Amino acid sequence: MNSESDFIKTVFGLKLKQQRQKKNWSLQDLAVKTGLSKSYLNEIENGKKYPKHDKIIQLSEALQTTFDELVSTKLDKSLAPFNEILQSDFFKEVPLELFGINKNNLISIINDAPKKVTAFINALIEISQNYNLGKERFYFAVLRSFQELYDNYFPEIEEKADLFTRENQLQIGKNLKSEALENILLEKFDYHIQAEDFEKYGTLDNLRSLFIPEKKLLLLNKKLEKDQKTFILAKEIGFNVLDLKVRPNTYSWLDFGSFEEILNNFYASYFAGALLIPKDPVIEKTSEFFLQNTWKHQEFENLINSFTQSPETFYYRLTNILSAEMGIKDLFYLCLVKKKNSDKIQILKELHLNHQQAPHANATNEHYCRRWIAVKNLHHLKENETLTDAQISHYKDQGISYLVISTSQRNPFSDGSNRSYCLGILLNQQIIKKIGFIKSPSLKTINVGVTCESCSIADCEVRQAPPVRLEKEHFNLSMKSSVEKIRKEFESRNV
């Protein structure tokens, strides 16, 4: 809760409603018996108002309970689990307002069925603990949901990036010089910027940048490649142009203090992407690429290189453009990583702009499908190589297919790990008409799963683990079928 006062008002409202419902009274019944208005009583029960001393006496007399019982913050057994939620950081840490949910509305929902809703929330907490879903993962899951609700397209940020470009007469696209952005930070926003050898600080070797707000000092790792430096500078401009005060000071993430920090970091990153890869040119060139009749990996690499040397930035930028501007809304983006001397594949970033869950990173300690083009690329990648390829991934168990394009490369800021970025587009009749190379002989169709543990492909040559989850599901279905047969047999008998 936001304050002690909010907690007291909420508990009083819960207890008042509980006492009223024990007598099977409506709000109107209580209004008649106390002389208080129905709307006023409704606000009390929803935790919006706390009655004065004389009003509490009227309520206690009408409900035949004591004054002390009503004002006590101690909840009885039926509401006791709710007490823990009210006093936790639940309302503070979950950014309900992003989804149009008012705190009092949520309290009202819980108030209507406190046992059931409290049990549901406690179950979510238990699940998160069992699956090692800490605050950080929870916050990023909320952020993804927020992005998906808006198709990951924020026109107001696009407009501000475009206006900033015009006002500062920037040469947009691949030819945008990092020096131009650095000068803007120095002259317009009073920054101090210097390159630093983080390697001498030991564990900070992999840190890309550090912002010291007290001195407006931006330290940049000397190991940064050109596009990495340019993106960080563009992102710093984003923090200032969008006036985002609450922000992380390191790139990449080391720690965070609030959800607002994560959200503002996303907004600044979005601004940087819009600034570095302008909307109109990428729409034009990507549309031309999709009209080609043959899939050629070199053509897609050329498309990336016409805007940036960073495949990650380009792939993610496509999630903004394809959905909002090109009518390709059912898509997903994944960033996968394979560490040196390890066969384990991890999903670092994900975004799903549809309701299909097939390519979702929904597993803990399970093996992602080795038939995914992004995973195959990671295994085939050679030192200092960039590898791009595509396939039609048919999710056999779900009966859906995606065009999946992936680029893999060595990650310069890790100990020999490789990364794959991939974009998946759900194939339906409308999308097939928009992609000229969808029937290209160079584009193979491959049956895939999500994880080995849930996959039914019997003859998979790269299976990493038996389909234990699938076998469990089949066992349960078999048991249900047997129970149904027994039930029907005994129903037909004359007992």
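Start with the internal space: this predicted model holds three cavities of 30 Å³ or more. The largest cavity has about 80 Å³ of space.

**Stop 1: the largest cavity**

Select Ser-209, Glu-236, Arg-247, Thr-250 and Tyr-251. Of the 13 residues lining the largest cavity, these are the closest to its centre. Colour the lining by residue class, and six nonpolar, four polar and three charged residues appear.

Which elements give two or more residues to this lining? They are strand E2 (209-212), helix H13 (226-241) and strand E4 (250-251). H13 gives the most, with four residues.

**Stop 2: the four-stranded sheet**

Keep E2 and E4 in view and add strands E1 (192-196) and E3 (residues 217-221). Together the four strands form an open sheet in the order E1-E3-E2-E4, with mixed pairing. E1 and E4 are the edge strands, each pairing on one side only.

Zoom in on E1 and E3. The two strands run parallel and are joined by five bridges. To look at a single pair, select Glu-196; its bridge partner in E3 is Asn-221.

Now bring H13 back. This helix, which gives four residues to the cavity lining, lies across E1, E2, E3 and E4. Its direction runs at about 160° to E3.

**Stop 3: the six-stranded sheet**

Move along the chain to another sheet. This one is open, has six strands in the order E6-E5-E9-E8-E7-E10, and is also of mixed pairing. Its edge strands are E6 (345-352) and E10, and each of them pairs on one side only. With direction ignored, neighbouring strands in this sheet are turned by 30° against each other on average.

Select E7 (residues 386-395) and E8 (residues 400-410). Ten bridges join them, and the strands run antiparallel. For one bridge in this pair, pick His-394, whose partner in E8 is Ser-401.

Two helices can be added here. Helix H16 (residues 297-305) packs on the sheet and touches E7 and E8. The direction of H16 makes about 115° with that of E7. Helix H17 (residues 311-325) also packs on the sheet, touching strand E5 (331-338), E6, E8 and E9. The direction of H17 makes about 15° with that of E9.

**Stop 4: Asn-428, after E9**

Follow strand E9 (418-426) into the loop that leads to helix H19 (429-434), and select Asn-428 there. Is Asn-428 buried, partly exposed or exposed? Its relative accessible area is 28%, so Asn-428 is partly exposed, the limits of that class being 20% and 50%.

Add Asp-330 to the selection and draw a distance between C-alpha atoms. The separation from Asn-428 is 9.5 Å, although the two residues are 98 places apart along the chain.

**Stop 5: Glu-453, after E10**

Finish in the loop between strand E10 (445-448) and helix H20 (468-492), where Glu-453 lies. This residue has a relative accessible area of 7%, so Glu-453 is buried; the cut-off for that class is under 20%.

Which residues are in contact with Glu-453, leaving aside its neighbours within four places in sequence? Select Glu-366 and His-367, then Ala-465, Pro-466, Pro-467, Val-468, Arg-469 and Leu-470.

Key:
Residues numbered from 1 in each chain as written. Predicted model: local features only at pLDDT ≥ 70, side-chain atom pairs only at ≥ 80, totals over all residues. Heavy atoms only, no water. Buried < 20%, exposed > 50% of the residue type's maximum accessible area, 1.4 Å probe, protein only. Contact = heavy atoms within 4.5 Å. 1 Å grid on protein atoms, 1.4 Å probe; cavity = no way out; pocket = protein on both sides within 12 Å on 5 of 7 lines; lining within 4 Å. Points joined across faces, edges and corners; volume = space filled by probe spheres on them. Nonpolar A, V, L, I, M, F, W, Y, C, P; charged D, E, K, R; others polar. Pairing = 2+ DSSP bridges. Axes fitted to C-alpha atoms, helices over the stretch in contact; angles between N-to-C directions.
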